[in-house]
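Here are some worked exercises on reading a protein model. Have your viewer open, try each task, and then follow the solution step by step.

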Amino acid sequence: MKKVLFATTALVASAGFAAADITFSGSAEMGIVGGGKDAPGVSTYVGNTRDSSVEFNNDFTLTVVGSGQTDSGLSFGISVDFSTDAEPNENGNVALDNEAVFISGDFGTLTLGEIDGAVDKRLTEAHNAVGQYSIGDDETVHAGYQGSYGDAAYDNQILRYDYSFGDFGFSASMELNDDKGTTPATADDADNGYALAISYNTDMGGVGLGFGLGYQYLEAGIGGWAPGNLSDYGFAGWAAGTEVDIIAATVSADFNNGFKAGFEYSNYDPSGAGNSDVDHYAIGLGYTMDALSVGASYGKFDTSGDDADGWALTAAYDLGGGAAIVAGYSDSDVDNNDGDYETYSLGVAMSF
């Protein structure tokens, strides 16, 4: 313990000497999560393959952001999350997550780390447009959830450039394939991935509108690749060496009367004989009145074979001071599969 305190004190002292800023923020949650026996455990709850079950869940994240400025006016910094990594099955160890380092100036911002790629940065997915979340991540674990397009197809370390001009935004990103293996049999020579995207925000008739359009390229590695949560729901995905072109577009709307809505579409075009396009559609709707917020979202993957879709309901009651009671429910449907995939959660979410 003394060593930890000494290291912390040294960090603060050195930060002050360099005229840098270090800020801390945090979030925590407590409650229950549960669901059907076949829930694949995309995030929090994992089905036991025998029957429905309920578990306690607690979690916390401490976010540290450090920033400074050069003599020439360039801004630089780092952000990192310290999070528990094994909930709800056991009391988890603390692990680093979402590490990112950036440098910024009139030229834009360059960021490297475990971050969103260009498409995920500029496009607002349906559930994000609604802005509703649960402690069990019910809104993101169902079979119709698209996820982060082609991000994390390699090692999830992404270099991204961002630039904004007026109501427009532009991003470009790259994810390198550095998994070369130790033998020729395990070597992965897939092409590097890259992405380009633009966004535009405006106000029309009192409605705040957001538009996003993006393109992403990746090549599946040794383990293959499938979009969204499909691999968790039994889809084999495309084999190693398959090149995938992704085109995506989103529209979000804030009606400034409590209602919010979002729509997203993406197309996944794989190379290779016998591989067919996959289309994804999603829609979300949310409403806030005083302290109460509710949301609903639905997504579907339309494939040449079995389709997969899912939906989620979320609700939150703001207690003030950074605390809220939150609840969520989701269910999934996969063609020719009658698995029990429902998930639900109830608890208190806190932010500091």
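The protein has 3 helices and 16 strands, where helices (H or I, at least four residues) and strands (E, at least two) are DSSP runs numbered from the N terminus. This is a predicted model, in which local features need pLDDT of at least 70, side-chain atom pairs count only at pLDDT 80 or more, and totals for chains, interfaces and linings use all residues. Residues are numbered from 1 along each chain as its sequence is written, and side-chain values use heavy atoms, with hydrogens and water left out.

**Exercise 1. Describe the protein as a whole.**

Step 1: Start with burial. Of the 352 residues, 40% count as buried; buried means under 20% relative accessible area, exposed over 50%, and partly exposed in between (1.4 Å probe, protein chains only).

Step 2: Turn to the surface. The accessible surface comes to about 17,900 Å², and 58% of it belongs to carbon and sulfur atoms (Shrake-Rupley method, 1.4 Å probe; for residues, only the protein chains shown count as cover).

Step 3: Look at contacts, meaning heavy atoms within 4.5 Å. Among contacts between residues at least 6 apart in sequence, 56% join residues at least 24 apart.

**Exercise 2. Place L159 in its surroundings.**

Step 1: Find the element. L159 sits in strand β6, residues 158-165.

Step 2: Classify L159. Its relative accessible area is 38%, so L159 is partly exposed.

Step 3: List the partners. Leaving aside neighbours within four places in sequence, L159 touches L110, T111, L112, A172, S173 and M174.

Step 4: Compare sequence with space. L159 and E114 are 45 residues apart in sequence, and their C-alpha atoms are 8.8 Å apart.

**Exercise 3. Find the nonpolar cores.**

Step 1: Recall the rule. A nonpolar core is a set of buried Ala, Val, Leu, Ile, Met, Phe, Trp, Tyr and Cys residues joined through side-chain atoms within 4.5 Å. In soluble globular proteins, nonpolar side chains tend to be buried together.

Step 2: Take the largest core. It has 26 residues, and those with the most contacts inside it are V119, Y149, W225, V244, I246, Y268 and V334. Two or more residues each come from α2 (118-122), β8 and β10 (243-254), with β10 giving the largest share, 3 residues.

Step 3: Look for another. A second, separate core of 7 residues includes V33, A316, A324 and V326.

**Exercise 4. Survey the enclosed and open spaces.**

Step 1: Set the terms. On a 1 Å grid over the protein atoms alone, a cavity is a set of points where a 1.4 Å probe fits but cannot get out, and a pocket is an open set with protein on both sides within 12 Å along at least five of seven lines; lining residues have an atom within 4 Å of a point. Grid points are joined across faces, edges and corners, and a volume is the space filled by probe spheres set on the points.

Step 2: Count. There are 4 cavities of 30 Å³ or more.

Step 3: Inspect the largest cavity, of about 80 Å³. Of its 13 lining residues, H142, G144, Y145, E264 and A282 are the closest to its centre.

Step 4: Move to the second largest cavity, of about 70 Å³. Of its 14 lining residues, D151, E175, G193, Y194 and Q216 are the closest to its centre.

Step 5: Finish with the second largest pocket, which holds about 290 Å³. It is lined by 21 residues, with F235, G237, W238, V278 and T303 nearest its centre.
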